[in-house]
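User: Got a model open here and want a quick read on it. Can we start with the overall dimensions?

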Amino acid sequence: MTDSTVRIEITDLPAAVRRFVTALDTRDTTAVAGLLTPQASVTDEGHTHTGIAAITDWIAAAASEFTYTTTPLAAERTGTRRFTLTQHLEGDFPGGSVDLDYRFTLEGPLISGLVIAP
């Protein structure tokens, strides 16, 4: 049996997901670190960052590259551990705007994986 994907309200995303997105938007690496499993991984722009130190370094580097705003568009749940938040980004990066899916995997109350992709 496969897990089905269902649309949910953005406010119904798990607390760790909501807090992570807020911390990412404000570049709060300390808050992000507290939401991750020790071996968590984040894949963004084809690069995977594994472990809390690598992920917080990625956030710090991304913060110095571009400025942008995010607008949440939709959320989905697949099974009990996977959640997707679709966000619209606008900023000074190439192209100026993009819709991205943030695909989270949870392990208990913490995030063990995130893939960010169009």
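User: What radius of gyration does the chain have, and what would a compact globule have?
Analyst: The chain has 14 Å, which agrees with the value near 13 Å for a compact globule of 118 residues. The radius is taken over C-alpha atoms, and the globule rule is 2.2 Å times the number of residues to the power 0.38. This is a predicted model: local features need pLDDT of at least 70, side-chain atom pairs count only at pLDDT 80 or more, and totals for chains, interfaces and linings use all residues. Residues are numbered from 1 along each chain as its sequence is written, and side-chain values use heavy atoms, leaving out hydrogens and water.

User: How many aromatic pairs?
Analyst: Two; rings of Phe, Tyr and Trp (its six-membered ring) pair if their centres lie within 6.5 Å, with planes under 30 degrees apart counted as stacked, over 60 as edge-to-face and the rest as tilted. The ring centres of F20 and F104 are 5.6 Å apart with planes at 80 degrees, so this pair is edge-to-face.

User: Where do F20 and F104 sit?
Analyst: F20 is in helix α1 (residues 15–26) and F104 in strand β6 (residues 97–107), 84 residues apart. Helices (H or I, at least four residues) and strands (E, at least two) are DSSP runs, numbered from the N terminus.

User: Is F20 buried or exposed?
Analyst: Buried, at 0% relative accessibility. F104 is buried too, at 1%. Buried means under 20% relative accessible area, exposed over 50%, partly exposed in between (1.4 Å probe, protein chains only).

User: And how much of the chain is buried?
Analyst: Of its 118 residues, 38%.
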